[in-house]
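Welcome, and please take a look at the structure below. The report that follows walks through its salt bridges, strands and pockets.

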Amino acid sequence: MRSRYTAFVVGDERYLTATWHPGTRPEALELDPAQRWTGLRILDVEGGAEGDTRGVVEFRASWRHGGDRGELHERSRFVRQSGRWWYIDGRLDPR
């Protein structure tokens with residue numbers, strides 16, 4: 001999770017695509033270079049330990065875009081396959 005956040009911070013579309021499960025990954029990913037991610041808070045973690053095959057991470061990520069500021073609140077699902085973790089999808093909190 002933290003590595004994917006860092007990839008958003010530095011605009012690494014290649015890493016984000018490579019860690020997104022092929023079954024749910026979009027055909028294209030275009031990051032907005034004007035979007036600045038300014039902080040990450042992990043709120044909850046379920047699973048994800050050694051031997052687990054599934055995990056959930058709830059987080060809040062702060063952003064800035066021009067003069068606007070906001071926060072993304074998501075519960076992300078991950079699955080371990082072929083010895084590595086893949087991002088499956090996330091449920092956004094609309095607040």
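## Glu46 and its partner

Let us begin with one acidic residue. Glu46 is partly exposed, with a relative accessible area of 39%. Keep in mind that this is a predicted model. The side chain of Glu46 meets that of Arg75 in a salt bridge, at 2.8 Å from N to O. Because Arg75 lies in strand 3 and Glu46 in strand 1, this pair ties together parts that are 29 residues apart in sequence.

Is Arg75 buried or exposed? Arg75 counts as buried, since its relative accessibility is 18% and the cut-off for buried is under 20%. Glu46, at 39%, is partly exposed, so this salt bridge joins a buried residue to a partly exposed one.

## A network around Arg75

Arg75 also forms a salt bridge with Asp44, and here the closest N and O atoms are 3.7 Å apart. Arg75 lies in strand 3 and Asp44 in strand 1, so this pair ties together parts that are 31 residues apart in sequence. Asp44 is partly exposed, with a relative accessible area of 30%.

Which residues are linked in a network of salt bridges? They are Asp44, Glu46, Glu58 and Arg75.

## Another link between strands 1 and 3

How many salt bridges does the structure hold? The count is 6. One of them brings together the side chains of Arg41 and Glu71, with 3.2 Å from N to O. Arg41 sits in strand 1 and Glu71 in strand 3, 30 residues apart, and the pair links distant parts of the chain.

Both ends of this salt bridge have some exposure: Arg41 is partly exposed, at a relative accessible area of 45%, and Glu71 is partly exposed as well, at 34%.

## How the strands pair

Now for the backbone. Strand 1 and strand 2 run antiparallel and are joined by 11 bridges. Within this pairing, Gly39 has Ser62 of strand 2 as its bridge partner. The hairpin of these two strands has 6 residues between them, and there Gly48 takes a positive phi near 90 degrees.

Strand 2 then pairs with strand 3, again in the antiparallel sense, over 12 bridges. Here Val57 has Ser76 of strand 3 as its bridge partner, and Arg64 stands opposite Arg69 in strand 3. The hairpin of strand 2 and strand 3 has 2 residues between the strands, and Gly66 in the turn has a positive phi of about 60 degrees.

## The last hairpin

Strand 3 and strand 4 also run antiparallel, joined by 8 bridges. Gln81 stands opposite Arg84 in strand 4. This hairpin has 2 residues between its strands, and Ser82 takes a positive phi near 55 degrees.

A general point helps when you look at the strands: in a regular strand the side chains alternate between the two faces of the sheet.

## The largest pocket

Next come the open spaces. Rolling a probe the size of a water molecule over the atoms shows where empty space is left. The largest pocket holds about 270 Å³ of space. It is lined by 14 residues, and those closest to its centre are Arg4, Phe8, Phe59, Leu72 and Glu74. Helix 1 (2–10), strand 2 (54–65) and strand 3 (68–81) are the elements that give two or more residues to this lining.

Which element gives the largest share of the lining of the largest pocket? Strand 3 does, with 4 residues. By class, the lining has 11 nonpolar, 1 polar and 2 charged residues.

## The second largest pocket

The second largest pocket has a volume of about 220 Å³. Its lining has 16 residues, and Met1, Gly48, Val57, Phe78 and Trp85 are the closest to its centre. Two of these names appeared earlier: Gly48 is the residue with the positive phi in the hairpin of strand 1 and strand 2, and Val57 is the bridge partner of Ser76.

Helix 1, strand 1 (35–47), strand 2 and strand 4 (84–92) each supply at least two residues of this lining. Its residues divide into 9 nonpolar, 5 polar and 2 charged.

Technical notes:
Residues are numbered from 1 along each chain as its sequence is written. This is a predicted model: local features need pLDDT of at least 70, side-chain atom pairs count only at pLDDT 80 or more; totals for chains, interfaces and linings use all residues. Side-chain values use heavy atoms; hydrogens and water are left out. On a 1 Å grid over the protein atoms alone, a cavity is a set of points where a 1.4 Å probe fits but cannot get out, and a pocket is an open set with protein on both sides within 12 Å along at least five of seven lines; lining residues have an atom within 4 Å of a point. Grid points are joined across faces, edges and corners, and a volume is the space filled by probe spheres set on the points. Ala, Val, Leu, Ile, Met, Phe, Trp, Tyr, Cys and Pro count as nonpolar, Asp, Glu, Lys and Arg as charged, and the others, Gly among them, as polar. Two strands pair if DSSP finds at least two bridges between them. A salt bridge is a side-chain nitrogen of Lys or Arg within 4 Å of a carboxyl oxygen of Asp or Glu. Buried means under 20% relative accessible area, exposed over 50%, partly exposed in between (1.4 Å probe, protein chains only).
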